[in-house]
Amino acid sequence: MTEALGYTVGDLLMISAEAFDARVVRTTPQRLTIDWPWWEADPESANSWDCTIGFPRDPEAHGWRNTPWRLEPDASELQAGDPCFVGIPPTEMRVTAIERFDPPADFGVLPRPDYVLEVGPVEAIEDQEAGYVLYLNSQEPIDIEVLANPS
């Protein structure tokens with residue numbers, strides 16, 4: 001699929017999300033997990049989800065290229081039980097693919113995703129492994145602005 005819901009593969013986007021309160025649930029030397037305030041576990045799902053999202057602790061880790069979300073204070077400083085903020089600073093992304101799930105996908109979360117934008121960071125677009133998925137019907141408070149269209 002190359003177009004859906006006003007988005008086209010190749011679009012240049014500016015995404016952002018104001019910082020919201022969160023809490024660190026677990027830490028390991030390499031990762032930490034935080035409560036994810038915008039999704040809920042799907043009780044009808046064949047997949048379980050524990051209502052957390054993981055982040056690398058090392059700010060230089062490759063995994064940071066795979067998410068636009070940022071934590072404050074820095075993930076390397078946080079311990080289990082600590083409060084933190086999670087948000088997306090204004091970030092340019094390029095739409096690399098659009099996918100529709102019919103029926104909506106069963107990933108263990110509600111709402112079940114129906115359309116997703118696969119996006120990659122503009123500064124790392126040559127890195128085929130860098131990228132993120134935006135669930136268009138999610139409760140995540142992500143602002144998406146189309147800056148330029150390929151046509």
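Visitor: Before we start, what counts as buried or exposed here?
Guide: Buried means under 20% relative accessible area, exposed means over 50%, and partly exposed is in between, with a 1.4 Å probe and protein chains only. On that scale, 40% of the chain's 151 residues count as buried.

Visitor: And what kind of model is this?
Guide: This is a predicted model, where local features need pLDDT of at least 70, side-chain atom pairs count only at pLDDT 80 or more, and totals for chains, interfaces and linings use all residues. Residues are numbered from 1 along each chain as its sequence is written, and side-chain values use heavy atoms, with hydrogens and water left out.

Visitor: Ok, how many helices and strands does the chain have?
Guide: Zero helices and 12 strands. Both are DSSP runs numbered from the N terminus: helices are H or I with at least four residues, strands are E with at least two.

Visitor: How compact is the chain?
Guide: As compact as a globular protein of that length, because its radius of gyration is 16 Å, close to the 15 Å from the globule rule for 151 residues. The radius is taken over C-alpha atoms, and the rule is 2.2 Å times the number of residues to the power 0.38. Along the principal axes, the C-alpha atoms fill a box of roughly 45 × 40 × 25 Å.

Visitor: What about contacts far apart in sequence?
Guide: Take contacts (heavy atoms within 4.5 Å) between residues at least 6 apart in sequence: 61% of them join residues at least 24 apart.

Visitor: Let's pick a residue. Where is T8?
Guide: T8 sits in strand 2, residues 7-8. T8 counts as buried, at 16% relative accessibility. Leaving out residues up to four places away in sequence, T8 touches T2, E3, V95, I98, N149 and P150.

Visitor: Switching topic: how many disulfides are there?
Guide: Zero. A disulfide here is a pair of cysteine sulfur atoms within 2.5 Å.

Visitor: Why is C84 not bonded to C51?
Guide: The sulfur of C84 is 16 Å from the one in C51, the closest cysteine sulfur, so that is too far for a bond.

Visitor: Are those two buried or exposed?
Guide: C84 is buried, with a relative accessible area of 3%. C51 counts as partly exposed at 28%.

Visitor: Last one: how many charged side chains are there?
Guide: There are 9 positive (Lys and Arg) and 28 negative (Asp and Glu) side chains; His and the chain ends are not counted. The centres of the two sets lie 4 Å apart, placing each charge at NZ of Lys, CZ of Arg, CG of Asp or CD of Glu.
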